[in-house]
Amino acid sequence: MKLLSIIFISLLSFNIYSQQTNSQFLVTGSVYDAETHTPLQFVTITLQHITTNEIIGSITNKKGTFEFYVPEGKYNCIVESLSFKPFKINLIDVCQDYEVGIIELNQNFEELDEVEIVAKYKLVDYKFSKKVYHASKDISNVGGNAITVLENTPTIRIGEEGSITIRGASAQVLVDGKPYGGVKSNADILSLIPASSIKNIEILARSAKYDADGGGEIINIILKKGMNEGYNGTIDIHGGIPDNDGINTFLNYKSEKVNLYSTASFNHNVKLKDTKINQTFLDNNDQATGNFDEEIEEYRQKNSFLFSLGSDFKIDDKNTITASLLFSNSNKNYNSEFLMNDYQPIDHLIKTSNRDVKDHSDENYMETYINYTTKFNTKGHQLSFDINYNKSHAENETNIFDTEIFPSDTKDNKRYGKDEFVQNYFFQIDYTYPFKNNAKLELGHKTNIREYQNKFIASDYNPFSQLLNPIVGYSNKIDYNENIYSFYADYSKQSNNISFSLSLRTEITQTEITEDFENKEYNNNYTDFFPNALISYNFTNGNSISASFNRYIDRPEIYQLNPFNSFTNERFIRSGNPYLNPYYTNYFMIEYNHEMEKIFLNAAAFYSNSTDTFLNILEKTDKQTEDGFDIYHSYPVNNGNLNYTGIDLSLTYDPIKKIRLYGSITPFYSDLSDTFENQYDYANFIWYGRASIFYKMNNTLRFKVDYAYTSPTKTALTKIDKYQYTNFTASKDLFDNKATLTFKMSDVFHTRKAKYSSMEAESITHKDVEFRTRYLLTFTYRFNKASKRNANNRAKDIDKNIFEIKDKIE
C-alpha cells in the first residue's frame, strides 16, 4: 500500500510538472558586480506582468545565477540588491525559454552611507585584483585628510618623513586612477585632499594598464561622486589642539544627462615636535674627540586651500565626457629653535649657541583633466581618451640665524632660496574588446611629458658689508626633462571559479638634465618590458585564493639626480648623482581569503627582489669645519640587492551585532647584500601590527579605538626603536541623523616617540623625537540625504522580498 502511495504521488508530481512546463517557460540569467566582474549572491530578480501586474521572482545563488518558470506574457524586469543601483529591463516578451544573459550591477556607495553601519557590513572588501577599504564608513577618518585615511587603511604604512609603503616597498599612489600632483604623489601634496571627499581606498594588483613606476601594488584614492539625482552634499567644520581648524564641503548635482560635483576646503594646521640629539665624535682609535648636544623645538604651521570642480556629461547612451579642474594653494611656516652645546675635549671648551631657523614656502598646484568614452553595441566594448595637464610652482626661503652665547658673542646668518616649477602632460588611449565567456582584451598607449626647473641660491651674511653674498658652489639652476612612451596589452578572463589576467607593458624613457654651474648636460635613454600575471580561484563556499607576479621600476627622484651640493649641516654635504640609473624589482604574492559567519580572514605571503638599488654612500672630503672636524659628502649610487620576504595577516571578528574587532600583523625579513665591500650589508626582521575595536552603543553613538605598533628596525649604520600609539574616536549622530559630531584624540597615552641611533662618519648619534598629543572635534552636516530610518526600511523591504521569494520557491 505504501509503495502504491509513493508511485501515485510521483506520477501526480510528474503530471503537475508536465503541465507547468507545457504552459510556462524557463527564464535564466546571471548577475555580476560591474566593477569586479564577480558573481553576486542573494540578488532579487522580479518580473511584473504589464497587464495583470502579477509579480514572480527569484534570487541568485552563490554562482550568481538564477532560473525560474513564468507563464507566457510580457513583463517588466527589475534586478536589485542592497548597496547596488537597481537594474531595469523594460518589456521582456516571454513566448519561449528566455535567456536574460549577464546583468552587471553598479555599486551605490551613497546609498550605503544612508544605512547604519552594523557588524555585518565589512569595512574592507577583497575582490579579484584589488582590496577595497570603505574610507567613508570609518569614523576614524572624520576631520582628517588623505594621509589620515591612508594611515587607517590596512596594509599601508606612512613613515614619519611622509613615505608611503606597502609591505616594506614604496607604493605608487593614484587619485581616481591618475597621478595627483605630478608623476609621484607625495604625502605633502596628498595632505591637501580632505578626508570628507574620499569614498574608498583601493589597493590594486599591478597591471600593465598602470605606470610601471614604484611598488608591487598600487594605491588608488577614489573621490566621491554623487549617484543620487538632485542636490546633495556634506559640510564639515573642525577645530583642534594644537591648531587644526578648517572647513570642507562636498556638493553634488545629478540629472539624467549631467553629474556635477565639487569639493572646497580651507585648513589651518599646526604640528609641534620636540627633538633631542647627542653626537659624539671619534678619532681613528674610536676615542672621543668632541661632543655635541642639541635641543630642538619645532613649530610647523600650514595653511591650505583646495577647490575642485568636475562633471560627467552623458551625450547619449554610448558617449560620455568627463572633465575636471583642480586648484590648490598652501603656505607653510616652519620655525625651529636650537639650543646647542659643543664640547671639545682638546681645548676643554664648551661652546653654547642658539640657532633659529625660519622656513617659509608658497606652493600652487593646478590640474585640468578631460576624458571621452564611447561604447559600442556589444556590452563591454569601448574606447576612451584621456588628456591631463598639471603644473606646480613652489617658492621657498630659509633663514638660519646663529648666535654664539659662550665663550664669545658672535652672530652668523645664512639664507637659502629655492624656486621650483614643474609641469606634466599626459595623453592616454584605452581600448577594450570583449570576447565570449566573460573574457576581454585591453590595449592602450600613454605619453608622459615632464618638465622640471629648479633655481637654488645659498647666501652668507657679510657683517662688514651687511649684505648676503652667494656661497660659491652652492647656487645653481637645473632643468630636467623626462618623456615616457608606454604601450600595454592585457588579456583577462573571469568565470565562476577561475579568473586570470596576463599583461605586458613597454616603456620607452628619455631623460635630459642640464645644470648651469658646470654647464653640463646628462642624457639617459632606455627601453623596458614589464610582465604581469594574476590568477584567482573561487571556492564554492565563497572563499578564494590568488597568486600574482609583476615586475616594476623605481626611477630616481630629481633631488637624487641633481649634481650640485646642498647643506645637511656643517659636517655633511649632500648632492645627487646625474648618472644614477633606475632599479628593477620582481614581486611575487599569494593571497587567501576565508569568510565565515562572524569571521573574515585574509592571509598573504610575499617576496620581492630588487637589484642595483639606490644606496647613499658617505665619503670623507679633504675639507674641515672651522672647529676642525672633517666634512663628509653623501650621494646615491646603484649598488646592492634588496630582498623582502614576509606574510600579511588580517582578521575581522563580529562577536555580536554591536561590536567589530579587527587585527592585522605583517612580519617580514629584509636583507641588503653585495654592497661596496659589504660595509652596508644588513639583515633585519621587522613586524608591524594594527588592532581596532568598534562599538556601536546605539543607532546614533559609536566608539572606536585604534592601536598601531612597529617593531625595532636596523640597517648597517642605523637603528630605530619600537614605535607605537593609540587613537580614540567617538561619534554621535544629531538632528534626525542629518549631522554627526565626532571627537578624536590622537596618541592617547603619549607614546608616539621615535628613537634613532647611528654610527657613521666617525661619530655616534642618538636622536629622540617626541610628538604632541592631538585633539580634534568635527561637526558634519549632510543635506538632501534620506534619514537612516527610511534607508533601513528600504533595506528591510529588500530583505522581505528575498524571504517572500524564497517562500514561493520552497
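Is Asn476 buried or exposed, and at what relative accessibility? That was my way into this structure, which is a predicted model. I got 8% relative accessibility for Asn476, so I put this residue down as buried, the cut-off being under 20%.

**Entry 1: around Asn476.** I looked up where this residue sits, and Asn476 belongs to strand E26, which covers residues 476-494. Then I checked it against Lys455. The two are 21 residues apart in sequence, yet their C-alpha atoms lie 6.0 Å from each other.

**Entry 2: the whole chain.** I stepped back to see what the protein chain is made of. I found six helices and 46 strands. Of its 810 residues, 49% are buried. I also went through the contacts between residues at least 6 apart in sequence, and 63% of them link residues at least 24 apart.

**Entry 3: a four-stranded sheet.** Next I picked out an open sheet, with its strands in the order E3-E2-E5-E6 and antiparallel pairing. Which strands stand at the edges? They are E3 (55-59) and E6 (87-94); each has a single partner strand, so one side of each has no neighbour in the sheet. On average, neighbouring strands here are turned by 20° against each other, direction ignored. I zoomed in on E2 (residues 44-49), which runs antiparallel to E3 and is joined to it by five bridges. Within that pairing, I noted Gln48 opposite Ile55 of E3.

**Entry 4: the nonpolar cores.** I had a general idea in mind here: in soluble globular proteins, nonpolar side chains tend to be buried together. The largest nonpolar core in this model has 32 residues, and among those touching the most other members are Leu150, Ile156, Tyr180, Ile201 and Ile219. Elements giving two or more residues to this core include helix H3 (146-151), helix H4 (187-190), strand E14 (198-205) and strand E15 (217-223). Which element gives the largest share? H3 does, with four residues.

I followed Ile201 a bit further. Setting aside neighbours within four places in sequence, its contacts include Val132, Tyr133, Leu150, Ile156, Ile219 and Ile221. I also came across a second, separate core of 19 residues, with Leu40, Val43, Phe66 and Val70 among them.

**Entry 5: strands E36, E37 and E38.** Further along the chain, I looked at E36 (residues 641-653) and E37 (residues 659-673), which run antiparallel and are joined by eleven bridges. A hairpin of five residues connects E36 to E37. Across this pairing, Thr652 stands opposite Tyr662 of E37. E37 also pairs with E38 (residues 682-696), again in the antiparallel sense, over 14 bridges. There, I found Pro667 bridged to Trp687 in E38.

**Entry 6: empty space inside.** Last, I searched for cavities. How many of 30 Å³ or more does the whole structure have? There are four, and the largest has a volume of about 310 Å³. This largest cavity is lined by 22 residues, of which Leu123, Val124, Arg660, Tyr662 and Ser692 are the closest to its centre. Tyr662 was already in my notes as the residue opposite Thr652. I then checked which elements build the lining: E8, E36, E37, E38 and E39 (701-710) each supply at least two residues. E8 (124-127) had also come up among the elements giving two or more residues to the largest core.

Technical notes:
Residues are numbered from 1 along each chain as its sequence is written. This is a predicted model: local features need pLDDT of at least 70, side-chain atom pairs count only at pLDDT 80 or more; totals for chains, interfaces and linings use all residues. Side-chain values use heavy atoms; hydrogens and water are left out. Two strands pair if DSSP finds at least two bridges between them. Axes are lines fitted to C-alpha atoms, for helices over the stretch in contact, and angles run from 0 to 180 degrees between N-to-C directions. A nonpolar core is a set of buried Ala, Val, Leu, Ile, Met, Phe, Trp, Tyr and Cys residues joined through side-chain atoms within 4.5 Å. Buried means under 20% relative accessible area, exposed over 50%, partly exposed in between (1.4 Å probe, protein chains only). Contact means heavy atoms within 4.5 Å. On a 1 Å grid over the protein atoms alone, a cavity is a set of points where a 1.4 Å probe fits but cannot get out, and a pocket is an open set with protein on both sides within 12 Å along at least five of seven lines; lining residues have an atom within 4 Å of a point. Grid points are joined across faces, edges and corners, and a volume is the space filled by probe spheres set on the points.
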